[in-house]
Amino acid sequence: MALTYASCLQAADVILNSGAVPTIVGEAGIGKSALVADLAQRRQAKLFTTVVSLVEKGDLVIPVPPLTADSFVQTAKYGSLADVQFGYSHTLVAMIRYAEAHPDQEIIWFLDEFNRGTQAVQSELMNLVLQRQINTLTLPDQVHLILAENPDATMAGFAQSHYGVTPGDAAIADRTTRLVLQADVSSWLAWATTLVDGQPRIDPLVTAYLQETPADLHVVAADNLADDDLQPTPRAWERVSRALRELERQGLFHQTAVMTAIIQGNLGVTVGTAFASYVTTQRPGLTVKQALTAPTAVATFQTLAAAQQQTILQNCLASPDWPLTVDATASRFTELLDVCPPDGQFAIAQRMAAQPNLFENLAAAHDQLGVAALYQSLTLVGKRSSEIEV
């Protein structure tokens, strides 16, 4: 039975409290690492992570010569070991030192991508998972193990899975509790919209899009012949969110080709194209503030598509912070309006006419040159439109 993020988090907590080892199974990028991090935070546990797929045989307990007397660490209760800078040995040294310094704090050792390690590497970990001991080293009682695996075709419900994994030993499967994590839009959106340092974890453009199209949070290819070689995952959406914020920081939303390529490079062509189109509509190159104040705004505005230009001007009209009766605002708005094609100008003029008292307020502020110029420009737009209709 597959579990939502919240249910899997709760189940893993129960398993740890019962003294057993949970194995979290899920597609790549679905949120297994994030779940373990959340679990550690909930339990106020110190988290150590080892990516098993990146380790070679012998990294756990075979020291790398030459070693001096200072290379060996003697612990009071858990045996002696060699502190090698790279590989499991260093992780174990750090973990046991932490355990001795904080004897009352829980520790979680997360063995990520467990079944993507070789059979030899998995065998090296066998005693640590099953017996909590390897050579003279004994894991402190406060250390809890959590495994994470990608699904393989031998697992129930994953007959079509095509990950390059090494199925685990039967003893591991028998001594751990398998939890299958599935994509859960509601839980992910709740996590994504949580404020961290005053802003949501995930950019609002991403969460708003996924609220409208929740199926795009995680798309699993039916087989190796799928049209896209990339598919969206929760982890991929996190990368997209970071990219959007960097585009915002650099003022590059108007570079639609760059933005689209970045999005497609994370989500694949199908979903990436759809989301890039959504971003272009919702965030069409310039914010209201940029459009009305940035020195390069008019030049940037000229490079945008007509639909983007119209959206930006509509956003300016909808913003209460930038009234057109202010001279500088009216002047810039006129510059932008003049760049638009005639049908775009007419569409904006119609929208302005629908706003109560807007034209009257512009006419009343005729003593401000910028406002007067805007009013005159709108009059010309209306006159041209009437001549075309005749």
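What follows is a dialogue on how the terms used for this predicted model are justified.

Trainee: How many aromatic pairs does a search of the whole structure find?

Mentor: Seven. Take W188 and W191, whose rings lie 6.0 Å apart, centre to centre, with 45° between the planes.

Trainee: Why is the pair of W188 and W191 called tilted?

Mentor: Ring centres must lie within 6.5 Å, and 6.0 Å meets that. Stacked needs planes under 30 degrees apart and edge-to-face needs over 60. The angle here is 45°, so the pair is tilted.

Trainee: Where do W188 and W191 lie?

Mentor: Both are in helix α6, residues 185-192. They are three residues apart, about one turn of the helix. In an α-helix, residues three or four places apart point the same way.

Trainee: What makes W188 count as buried?

Mentor: Buried means under 20% relative accessible area. W188 has 9%, so it counts as buried. W191 has 17%, so W191 is buried too.

Trainee: Why is the pair of Y209 and F275 called edge-to-face?

Mentor: The centres are 5.0 Å apart, and the planes make an angle of 70°. That angle is over 60, so the term is edge-to-face.

Trainee: What makes this a link between distant parts of the chain?

Mentor: Y209 sits in helix α7, residues 204-212, and F275 in helix α10, residues 269-282. They are 66 residues apart. Both Y209 and F275 are buried. Ring pairs also join Y209 and F275 with W237 and Y278 in a cluster.

Trainee: Which residues of α7 are buried, and what covers them?

Mentor: L205, V206, T207, Y209 and L210 are buried in α7. The cover includes α6, α8 (234-250) and α10.

Trainee: What caps the N-terminal end of α7?

Mentor: D203 does. One of its side-chain oxygens lies 2.9 Å from the backbone nitrogen of L205. The cut-off for a polar contact is 3.5 Å, and 2.9 Å is within it.

Trainee: How do you know that T233 is buried?

Mentor: Its relative accessible area is 13%, under the 20% limit, so T233 is buried. T233 is in the loop between α7 and α8. Beyond residues up to four places away in sequence, T233 touches A28, G29, L217 and H218.

Trainee: Why is D174 called exposed?

Mentor: Exposed means over 50%, and D174 has 60% relative accessibility, so the term applies. D174 belongs to helix α5, residues 170-175. Its C-alpha is 9.9 Å from that of L130, with the two positions 44 residues apart in sequence numbering.

Trainee: What makes K46 a charge over the ring of F48?

Mentor: K46 lies over the face of F48, 5.8 Å from the ring centre. The distance limit is 6 Å, and 5.8 Å is within it.

Trainee: How do you know that strand β9 is mostly covered?

Mentor: Seven of its seven residues, 143-149, are buried. V143, L145, L147 and E149 point one way, while H144, I146 and A148 point the other. In a regular strand the side chains alternate between the two faces of the sheet.

Trainee: What makes β2 and β9 a strand pair?

Mentor: At least two bridges are needed, and β2 and β9 have three, in the parallel sense. In β9, L147 is the bridge partner of T23. L147 is also the bridge partner of L111. Strand β6 (residues 107-112) pairs with β9 over five bridges, again parallel.

Trainee: How many bridges join β1 and β10?

Mentor: Two, so the minimum of two is met. Strand β1 (residues 2-3) and strand β10 (residues 176-181) run in the parallel sense. L3 stands opposite L181. Strand β2 (residues 21-25) also pairs with β10 in the parallel sense, over five bridges. There, P22 has T177 as its bridge partner.

Trainee: Which residues have the most contacts inside the largest nonpolar core?

Mentor: L313, F333, M352, L362 and L374, in a core of 29 residues. Elements giving two or more residues to this core include α13 (306-318), α14 (327-339) and α17 (369-389). Leaving aside neighbours within four places in sequence, the contacts of F333 include L313, M352 and L374. A second, separate core has 28 residues, among them V93, I96, V129 and L130. In soluble globular proteins, nonpolar side chains tend to be buried together.

Technical notes:
Residues numbered from 1 in each chain as written. Predicted model: local features only at pLDDT ≥ 70, side-chain atom pairs only at ≥ 80, totals over all residues. Heavy atoms only, no water. Helix = DSSP H or I, 4+ residues; strand = E, 2+ residues; numbered from the N terminus. Buried < 20%, exposed > 50% of the residue type's maximum accessible area, 1.4 Å probe, protein only. Lys NZ or Arg CZ within 6 Å of the ring centre and 35° of its normal. Core = buried A, V, L, I, M, F, W, Y, C linked by side-chain atoms within 4.5 Å. Contact = heavy atoms within 4.5 Å. Polar contact = N/O pair within 3.5 Å; in protein donor to acceptor, adjacent residues only side chain to side chain.
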